[in-house]
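Open your viewer, pick a clear colour for each chain, and keep the selection box handy. Here is a guided tour, one stop after another.

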Amino acid sequence: MASVAQAIRMALHYGETNLGVKDIFGQDVGAPLGGVFTATQGLKTAWNSPLDERGIIGMAMGIAMGGDKCVAEIQFADYIFNTIDLLKIAGNTLWCTNGQVQLPMVVMTPVGAGIFGSVYHSHSFDAWASRLPGWKIVMPSNPLDAYGLMLAAIKDPNPVLYLKSKALMRHKGDELIPGEPADEKELKAMIDKPVQNAEGWKPRWPDLEEYIVPIGKGKITHAGEHITVVTYSRMVHLCDEVALKLAGEGISVEVIDLRSIYPYDWQMIKSSIEKTGRVLFVNEDTEVTNFGEHLAYRATQELFYQLMARPRVLAGKNLPGIGLHPNLEKNSVPQLNDIETAIREVVAEVP
Amino acid sequence: MSKKTTVKAGRKSAAKKPAKAAAKTAVKTSKKASAKADNFGGLSEDLLLRIHDLMVKSRVLEERLIKIYKAGEAYFWIGGPGEEAFGVPLGLLARKGQGPAYDWFHLHYRCTPTMVALGMNMVDSIRLIMNRATDPSTGGRNFANHYCFPQWNVAPVTSPIEVQYPLACGTAHVQKRFGKKALSIVTGGDAGTAEGDFASALILASRKGQELPVLITVQNNKFGISTPFEGQHGETHIADRAKAFNIRARVINGNDPVETYLALQEEMEYIRKTGNPSFIEAHVSRLYGHSSADGANKKAHLVDPVFTFENRLIDAGILSEKAAKKIWEIYEAEGVAAQEQARTEPVPTPESVWENVYVDSENADWRKF
Ligand SMILES: Cc1ncc(C[n+]2csc(CCOP(=O)(O)OP(=O)(O)O)c2C)c(N)n1
């Protein structure tokens, strides 16, 4: 099975071969490295930009305005903050020009904790991103979705922010990408740049097929009856694990992988809450002010009389950073036991 | 400097320059002009008159916009009176059209002269400042002079200072790949060069082997809003910063349309020929102050490029005083009529806030997901 990094690489290859992507660029995105997480190895349109996040976003906007498709990378989301007003402009250009200027561009960036990356390699960006009207924002949790969402992002006529979990970069899924060889070793031999003697190396791409995960459509990763847990990205796996454990005790948890932050799959959330009457929103961005809060607000407004318990948000603690020592990281972003405790509390609540 | 001394200075400096190559073309294009002491760099009389006409049109339009603001029919004014001698030649020299085969404009908010030279009607600028639904640039959504004309590759003007600079590198990158020798033009103010985006553009445009066909310009009017040039610059010329990146650079008198025209022509040809960037720092007058925020009142002590040029043409016998007066009157009448017309036109409806948040107006309102 492909890892998330390999899936992104294959999606970008598909994009430059079939969907008109002409530039894939950012810091260390081109040869020789092919991305600090290897997601851009061997791509024919990949190139290295200066170490300048604002320059990267500005350039991407210019390329999109000029009529070409590009995928730009910010090496770590932790360094995307100095581009915020450019992201705002990219998001408001269509509106400000009353529909005249579209900016079909993709910006991808690794987000979140889980790799003990300390203060500047653990930032989340989902809540910030949700405040950039005009952008679509996706956050895949597994390789197949990573592939399908990238293709959807490339095809979308709007700017799309593709937030990829650092901790999931080597994560392997249990579903094959259409065209991917079933043998993991074979795939590796085909598309991973050798660590040694890589000079002159060229990938042999599998015969990939188009596969789209529509932006704005979630997925139920664990069906259940007693509580709805709405999450995305890395936290999906933790929530699924807790759901499996609690199933053994007769607590039936429905886990929704939102996959898209904006637009988001409200219909899926709504029908699940109508069934379970209870909801927990889980993500690792800081709790003040959190995207889960918006969802909890909406659940309260629209489903108040169907709820059996107060909606809850479990998120990262409102701290200036995530400390390097595991004790610090683990007490900053939700862990398995935090999720389990929160689920138990919501399920135990009696109206 | 008074208007009078400027005229004199203009004459003197022009007379000093023999400009051999230019004089040759002058013989070809205009025998009459070449016979004068001021040979106008060899530009033809037709061209000189066209430049003058557009400079006047732009000035009259800007002054109309100020009147509209002062009459309470607009919320904010900012614009480019004083930048006509730079902006008009820029608009005239560019390869105008849509798509990568044509030049791109990444303008700031003082570029009415360029828009007028490109062919923008007065009424379209007035619709913008009066926030009418008919405003072709923004549909009544944005400030004065925040133009957007995709049919001429005019990128939307943005309020954040200097962000247009790296965007110009993006369109230049596309143009280079397209291979039709079109270039991207970016304009901005002197104070704005303190922003990182300015440095971003110098870097992106000049990387060895990956140079971009971009004309980077700064209109140096010696002020931020109230901060004088000396208050924020250590470098002698802003153009010196471009030199550090091996970008060909020059400083010009942007109040002289002839000097500007020739310099722009030369640099644009150089860019088209080599695919390399070039940099122009143009010294211009900020004739009406920063914006309505500081009163938008005329600063009489500054060089007025429109009158200076007009007097020069009159002195040279290329334009009569009567003909000049007529031009001002025609455009004044056009401005008044345009204002009257815009007044009658519809304004954006409240519900239209949801339009064009996303392409095809999908997904704008989360309540409807
Ligand atoms: C990023 C940013 N900061 C502050 C402002 C407020 N502002 C508007 S115009 C201006 C001065 C710009 O001066 P300069 O770049 O010299 O251009 P000029 O207006 O003189 O042509 C400032 C500070 C802004 N628009 N954008």
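Start with a single residue: select Pro32(A), which is found in the loop between β1 and β2 of chain A. Look at the peptide bond that leads into Pro32(A) from Ala31(A): this bond is cis, with omega near 5 degrees. Keep in mind throughout that you are looking at a predicted model.

**More backbone details**

Chain A has another cis bond to show you, running from Tyr262(A) to Pro263(A), with omega near -5 degrees. To place Pro263(A), look in the loop between β10 (260-262) and α8 of chain A.

Now hop over to chain B and select Asn131(B), which sits in the loop between α7 (122-129) and α8 of chain B. Check its phi: Asn131(B) is not a glycine, yet the angle is positive, at about 40 degrees.

**Where the chains meet**

Next, show both chains together and select the residues in contact. You should pick up 44 residues from chain A and 43 residues from chain B. How much area is buried between chain A and chain B? The value is about 3600 Å², and carbon and sulfur atoms give 62% of it. On the chain A side, show Met59(A), Met65(A) and Trp95(A) as sticks: these residues lose the most area to chain B, together 18% of what that side buries.

Side chains of opposite charge can pair when their charged atoms come close. Between chain A and chain B the count is four salt bridges. For one of them, select Asp68(A) and Arg177(B), whose side chains meet at 2.9 Å, N to O. If you turn to polar contacts across the two chains, there are 21 residue pairs, with both residues at pLDDT 80 or more.

Which elements of chain A supply at least two residues each to the side that touches chain B? Colour these to see them:

- the strands β1 (21-26) and β2 (46-48);
- the helices α2 (53-65), α3 (84-96), α8 (266-276) and α9 (291-303).

Of the elements on this side, α2(A) gives the most, with eight residues. Colour the chain A side by residue class and you get 20 nonpolar, 16 polar and eight charged.

**A bridge within chain A**

Stay with helix α2 of chain A and select Arg54(A), then add Asp85(A) in helix α3 of chain A. Their side chains meet in a salt bridge, 2.8 Å from N to O. The pair links distant parts of the chain, with the two residues 31 apart. Over all chains, a search of the whole structure finds 41 salt bridges.

**The second largest pocket**

Switch on a surface and centre on Ala127(A), Trp128(A), Ser130(A), Arg131(A) and Thr289(A). Of the 40 residues that line the second largest pocket, these are the closest to its centre. The volume of this pocket is about 810 Å³. Helices α3, α4 (126-129) and α9 of chain A, along with strand β11 (279-286), each supply at least two residues of the lining. By class, the lining has 21 nonpolar, 13 polar and six charged residues.

**Inside the cavities**

Make the surface transparent for the last stops. The structure holds six cavities of 30 Å³ or more.

In the largest cavity lies about 80 Å³ of space. Select Ala155(B), Pro156(B), Thr158(B), Gln164(B) and Leu167(B), the closest to its centre among the 13 residues that line the largest cavity. Which elements each supply at least two residues of the lining of the largest cavity? They come from both chains: α2 and α3 of chain A, together with α8 (164-178) of chain B. This lining divides into nine nonpolar, four polar and no charged residues.

For the second largest cavity, select Ala90(A), Leu94(A), Leu103(A), Asn158(A) and Pro159(A), which lie nearest its centre out of 14 lining residues. About 60 Å³ of space lies in the second largest cavity. Its lining has nine nonpolar, five polar and no charged residues.

Terms used. Residues are numbered from 1 along each chain as its sequence is written. Chains are lettered from A and ligands numbered from 1 in the order in which they are written. This is a predicted model: local features need pLDDT of at least 70, side-chain atom pairs count only at pLDDT 80 or more; totals for chains, interfaces and linings use all residues. Side-chain values use heavy atoms; hydrogens and water are left out. Contact means heavy atoms within 4.5 Å. Buried area is the accessible area (1.4 Å probe) that two parts lose on being put together, summed over both. A polar contact is a pair of N or O atoms within 3.5 Å; within protein, one must be able to donate a hydrogen and the other to accept it, and residues adjacent in sequence count only if both atoms are side-chain atoms. Helices (H or I, at least four residues) and strands (E, at least two) are DSSP runs, numbered from the N terminus. Ala, Val, Leu, Ile, Met, Phe, Trp, Tyr, Cys and Pro count as nonpolar, Asp, Glu, Lys and Arg as charged, and the others, Gly among them, as polar. On a 1 Å grid over the protein atoms alone, a cavity is a set of points where a 1.4 Å probe fits but cannot get out, and a pocket is an open set with protein on both sides within 12 Å along at least five of seven lines; lining residues have an atom within 4 Å of a point. Grid points are joined across faces, edges and corners, and a volume is the space filled by probe spheres set on the points.
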